[in-house]
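Trainee: I should like a close look at the pockets of this protein. Which residues and elements line them?

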Amino acid sequence: MLDKASGSDPELEGVLAALKASLAIPFEEAVSMPPRVYTSEGVFQLERENIFAREWHCAGRADELSEPGAYVTLDIAGEPVFAVCDREGNIRAFSNVCRHRCARLLEGRGKAGRIVCPYHAWVYNLDGSLMSAPMMPDDFDANGISLPEIAVENWRGWIYINLDRNAPPLFPRIEALDEEMANYHMERYTTLFVTEEIWDTNWKCLVENFSEAYHVFAVHPTTVDAALPTRLGTYPPGGEGFFRYCQKKLEGVTFDLEKDGTVLNDDLTEEQRETYPIVGIFPAHVFSISEDRLFWLALQPHGIGQVKFRWGVSVYPGAVPDEGRDAHAAKAKAALDKVNSEDRGIIENIYRGASSNLASSGRLSPKERCLWEFKQYYAQRLCG
Ligand code: FES
Ligand SMILES: [Fe+2]
């Protein structure tokens, strides 16, 4: 909190000092984040400058935007943007703020031949250029007026956007992950469903929750642990731009989509068929993958105490018959809604706990290696 007399923020300074000190601590001795990183307004403002305004954020799957005019809107820590498929079939991203008097142009997701502002009906093309503006004087020239464009990358069917047009490319930071995951051919998975939610917690609580199976036996004893038990998770080191752990399936367990034993993807090794990578691309994109299914969350921090996120499931070609696709989607979503509701309860709970004046950092378990990697990344970005 800001000290009005001095203009300093002792809470922020305390957090930064703790994070900076943690950079020198090895995983074997590491503790969790200082609780104030989840609750301090000063920290959130610094995240906006050092992380959200500079990093690559996942907007979703490329196949959601495969037809001209298909769009999805996002808020990157308060900055409204949208990604859209233009008339040439390229995915591009723009500011979602009208060049007239700042109205928000698009909501949610959908498909539009042109973008019409809801306030005074200025019309934009799919390349962001202003096409027309009704009842403007003769000396008004729409030429040269465009929505500010935002950088886009496509990595194996994932669309990433960056508010910083000069940001270094994402790919070199995840190249090691790309090699490791090449056999999965992630770009082939097609969207089964996508949805959006807002939870009352800090965005980092959700990233961290996805990064470990330590909580699975306690929070998901019947829904997850019965098939993917905490004790079968392994935590090899991640890389510069990502963490990843590997979850082995209990012997003899089969999931819905693989009931008939069909091999969908010959390129996967036996080990890859039985062990699922759970991945986080810094800062806020997480997913798990198996031969048939990709389950993902793309987070949009929504102030300190809320996180909005798009999440969905994509499937490998042949995993779901065309005629039963909607029924499969409903069934998969219902199962994941149950797991998510278990996580939601505990994640909203720990956010409230982090607000306590008596809250403190605790020692990490060997199964929380990815939390340490995320903390190292986060500390470097905030203090670096
Ligand atoms: S604010 Fe968009 S047309 Fe006026
Ligand atoms: Fe969980």
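Mentor: The following account takes the largest pocket and then the second largest pocket. The model is a predicted one, and every value below is computed from it.

The largest pocket has a volume of about 1,000 Å³. Its lining is made up of 40 residues, and those nearest the centre are V224, L228, R293, F295 and L336. Several elements contribute at least two residues each to this lining: the strands are strand 11 (190–199), strand 13 (242–248), strand 14 (275–281), strand 15 (285–289) and strand 16 (293–301), and the helices are helix 4 (203–210) and helix 7 (325–354). Helix 7 provides the largest share, with nine residues of the lining. In terms of residue class, 23 of the lining residues are nonpolar, 10 are polar and seven are charged.

The second largest pocket has a volume of about 520 Å³. It is lined by 24 residues, with S32, E208, I350, E368 and L371 the closest to its centre. Here the elements that supply two or more residues are helix 4 and helix 7. Of these, helix 7 gives the most to the lining, namely five residues. The lining of the second largest pocket comprises 13 nonpolar, seven polar and four charged residues.

Taken together, helix 7 is the leading contributor to the lining of the largest pocket and also gives the most to that of the second largest pocket. Helix 4 likewise serves both, as it is listed among the elements with at least two lining residues in the largest pocket and among those with two or more in the second largest pocket.

How values were computed:
Residues are numbered from 1 along each chain as its sequence is written. Chains are lettered from A and ligands numbered from 1 in the order in which they are written. This is a predicted model: local features need pLDDT of at least 70, side-chain atom pairs count only at pLDDT 80 or more; totals for chains, interfaces and linings use all residues. Side-chain values use heavy atoms; hydrogens and water are left out. On a 1 Å grid over the protein atoms alone, a cavity is a set of points where a 1.4 Å probe fits but cannot get out, and a pocket is an open set with protein on both sides within 12 Å along at least five of seven lines; lining residues have an atom within 4 Å of a point. Grid points are joined across faces, edges and corners, and a volume is the space filled by probe spheres set on the points. Helices (H or I, at least four residues) and strands (E, at least two) are DSSP runs, numbered from the N terminus. Ala, Val, Leu, Ile, Met, Phe, Trp, Tyr, Cys and Pro count as nonpolar, Asp, Glu, Lys and Arg as charged, and the others, Gly among them, as polar.
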